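Reader: I should like to go through this structure by way of its contacts and its buried parts. Please show it first.

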Amino acid sequence: MQLSTDPVITVRDGSFGYGDRAVVTHVDLDLHPGDVVAVLGPNGSGKTTLVKGLLGLDAHLGGDVELFGVPRRQFRDHARIGYVPQRHSLSASVRATVSEIVAVGRLPHRPWWRRASARDHQAVRDALQTVGLLDRADAEVATLSGGQQRRVLIARALAGDADVLVMDEPTAGVDAANQEVLATVLESLAAQGRTMLVVTHELEALELIVNRIVCIRAGIVDFDGSPQAYAAHEVAHARDHVHHHPHVLDEEPTTIVDDAGPLDAHEHRGAGHG
Amino acid sequence: MGELFGLEFMQHALIAAVLVGLAAPSVGVFLVQRRMSLIGDGMGHVALAGVAIGLLTGQEPVLTALLLTVAGAVAIELIRIAGRASADIALAVMFYGGMALGVVLISKSSASSPANLTAYLFGSILTTSRTDIVVFAVLAVIVLAVTTVLRQRLFAVANDPEYARTIGLPVTALNLVLAVLTAVTVVTAMRVVGLLLISALMILPNATGQVLGRSFRSAVRWAVLVGVVCSVGGVVGSYYASTPSGGTIVLAAIVVYLAAVVGGAIRARVGARRHRAAESHEHEHGPGCGHPAVRHGNHVDYLHDGHLHAAHEGHYDEHRPPVEAGDDRSDALTREPR
């Protein structure tokens, strides 16, 4: 997607937390264009804190963070990062349709006084097409299933034409049918060459697309390398520790049937990147 | 009815009612969205102290009320941002302090009488002067313009403040704008609805809008329509029934809300009888899911083992296969177009 190989995200000796309490420390991380990195680790290890720290949502307590080569505090080109937060459900205090939520992703592209343009509307439709929810564009978000709402959040990030997607547990707590759809969506994004940083504790849905794994344990980066090296690392880790980690990579990889439906043959955009 | 529009004070009252009916629900929807439906009530209390200061010092009460309420609104937002455990108590102190100060100061003012206090608390359309109308019109236009232009941004910030921050929206500034708009609306509406019922006109039309609308946008439109109808209807009703305008308007809004709820329930009952859900469905249809998609009127069905499945809320409906021409029962099982 991008020709540049300059790092998208660089962290040097970063520490992040709440208030003045550090949750993750001594983080070194480089994310390059085209990377699909899974951030793994047990609950409470600091995965979400790391991601929120990168985005400036949680306190950044030390070290350097650069986004597209710009120190985080000076970074203003917000549209380049598409954040998919971990939400069990979308706020249901008032009615809102799927496209109304996704349209929020377009807001950084125009000044406050300008109305949504035809291009904004098209970007919303394209994003919904990518996550397979175009037929639900006018449905109320509150009526969608948990997995569909997760895809709405992904579409919101996609609508902004971000250069990197930062996702926090996109597949957690989603039923099997939607897991499969989400895996397909993530695969198609990877096939387009999207750079992705995905926090997860279920590697299964991402196995086919991840080219690097970062594992966080007890607030420090415990592993950073290829999926193959990670499998070996896990075996060693399980041998050294009594409590072992739930991810076993030598299972059968999930097979995803990728046969297209008749409506996307003439509507699908941007296939064939990467 | 004709004589009504011939009276100058009624003309003023009706203009004020239209302005308030437009502005109050436009701001109120964001308060509902942020689950702060009662905040307008508290601001009404603060506004009373502002009115009292005006009466006591000989300034224009609308002006002093506006200044004090805006200051109070900003303070409320800052207290919320600080997020202390005692924030709730701080708000209570401010609201009750405002009301108490207002009552005490008004009793000391030579220009005022108990009737004057009642007029501010419950609304007194008859005392609205030409100057008041001009001030209210300017304020209402500002409120409408800002909520219209910033609608998507205010929506984004109320919907998911964390995400809004990551896309660079000025979350705190937008929340302060909303707080100030709420304060301005409270002051604009105080002569028509009264400070004690002001919040009702911001919230109740939105309750109806939430029942009737099918999107955020349409819910807001319904709310504004209901707001204008109820405030104008309430003013006219209060003229004929010799009742206070504020209470009459709010009762009208409640009647409309209850009618919408009952109507919605009947419609849902009828709709449930007309639609048939597919058997337990483990599969998620979508482009590329492997099942042929079939265009069916205004939506897409998926052909699944000889059944047509259409997404409906959290499940799939059984739709009838396309029938040959001449079959007058076609569409019998499809849901109504939206």
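Reader: How many salt bridges does the structure hold over all chains?

Author: This is a predicted model, in which local features need pLDDT of at least 70 and side-chain atom pairs count only at pLDDT 80 or more, whereas totals for chains, interfaces and linings use all residues. Residues are numbered from 1 along each chain as its sequence is written, chains are lettered from A and ligands numbered from 1 in the order in which they are written, and side-chain values use heavy atoms, with hydrogens and water left out. A salt bridge is a side-chain nitrogen of Lys or Arg within 4 Å of a carboxyl oxygen of Asp or Glu. Over all chains, the number of salt bridges is 19.

Reader: What separates the closest N and O atoms of Arg12(A) and Asp28(A)?

Author: Arg12(A) belongs to strand β1 (residues 9-18) of chain A and Asp28(A) to strand β2 (residues 21-31) of chain A, 16 residues apart; helices (H or I, at least four residues) and strands (E, at least two) are DSSP runs, numbered from the N terminus. Buried means under 20% relative accessible area, exposed over 50%, and partly exposed in between (1.4 Å probe, protein chains only). Arg12(A) is partly exposed at 37%, and Asp28(A) is partly exposed at 41%. The closest N and O atoms of this salt bridge are 3.9 Å apart.

Reader: Which residue forms a salt bridge with Asp120(A)?

Author: Asp120(A) lies in helix α3 (residues 118-130) of chain A and its partner in the loop between α2 and α3 of chain A, so the pair ties together parts that are ten residues apart in sequence. Asp120(A) is buried, at 7% relative accessibility, and the partner is buried at 8%. With the closest N and O atoms 3.2 Å apart, the partner is Arg110(A).

Reader: Is Arg80(B), the salt-bridge partner of Glu77(B), buried or partly exposed?

Author: Glu77(B) and Arg80(B) are three residues apart in helix α4 (residues 61-82) of chain B, which means a separation of about one helical turn. An α-helix has 3.6 residues a turn, so residues three or four places apart point the same way. The closest N and O atoms of the pair are 4.0 Å apart. Glu77(B) is buried at 3% relative accessibility, whereas Arg80(B), at 36%, is partly exposed.

Reader: Which residues of chain B are linked with Lys52(A), Arg87(A) and Arg156(A) in a network of salt bridges?

Author: The network includes Lys52(A), Arg87(A) and Arg156(A) from chain A. The residues of chain B in this network are Asp160(B) and Glu162(B).

Reader: How many of the nine residues of helix α8 (residues 151-159) of chain B are buried?

Author: Among the buried residues of α8(B) are Arg153(B), Leu154(B), Phe155(B) and Asn159(B). What covers the buried residues includes α2 (98-103) and α4 (146-159) of chain A, together with α2 (8-33), α9 (161-166), α10 (171-193) and α12 (216-241) of chain B. The helix is largely enclosed by the rest of the structure because the number of its residues that are buried is seven.

Reader: Which residues form one aromatic cluster with Phe155(B)?

Author: Rings of Phe, Tyr and Trp (its six-membered ring) pair if their centres lie within 6.5 Å; planes under 30 degrees apart count as stacked, over 60 as edge-to-face and the rest as tilted. A search of the whole structure finds five aromatic pairs over all chains, including the tilted pair of Phe30(B) and Phe216(B), at 5.8 Å centre to centre and 45 degrees between the planes. These two residues, 186 apart, lie in helices α2 and α12 of chain B, while Phe155(B) and Phe216(B) form a tilted pair at 4.7 Å and 55 degrees. The cluster partners of Phe155(B) are Phe30(B) and Phe216(B).

Reader: Which residues does Ala172(A) touch, not counting residues up to four places away in sequence?

Author: Ala172(A) is found in the loop between β7 (164-168) and α5 (176-191) of chain A, and is buried, with a relative accessible area of 9%. Its C-alpha atom is separated by 8.9 Å from that of Gly147(A), 25 residues apart along the chain. Contact means heavy atoms within 4.5 Å. The residues touched are Arg150(A), His201(A) and Glu202(A).
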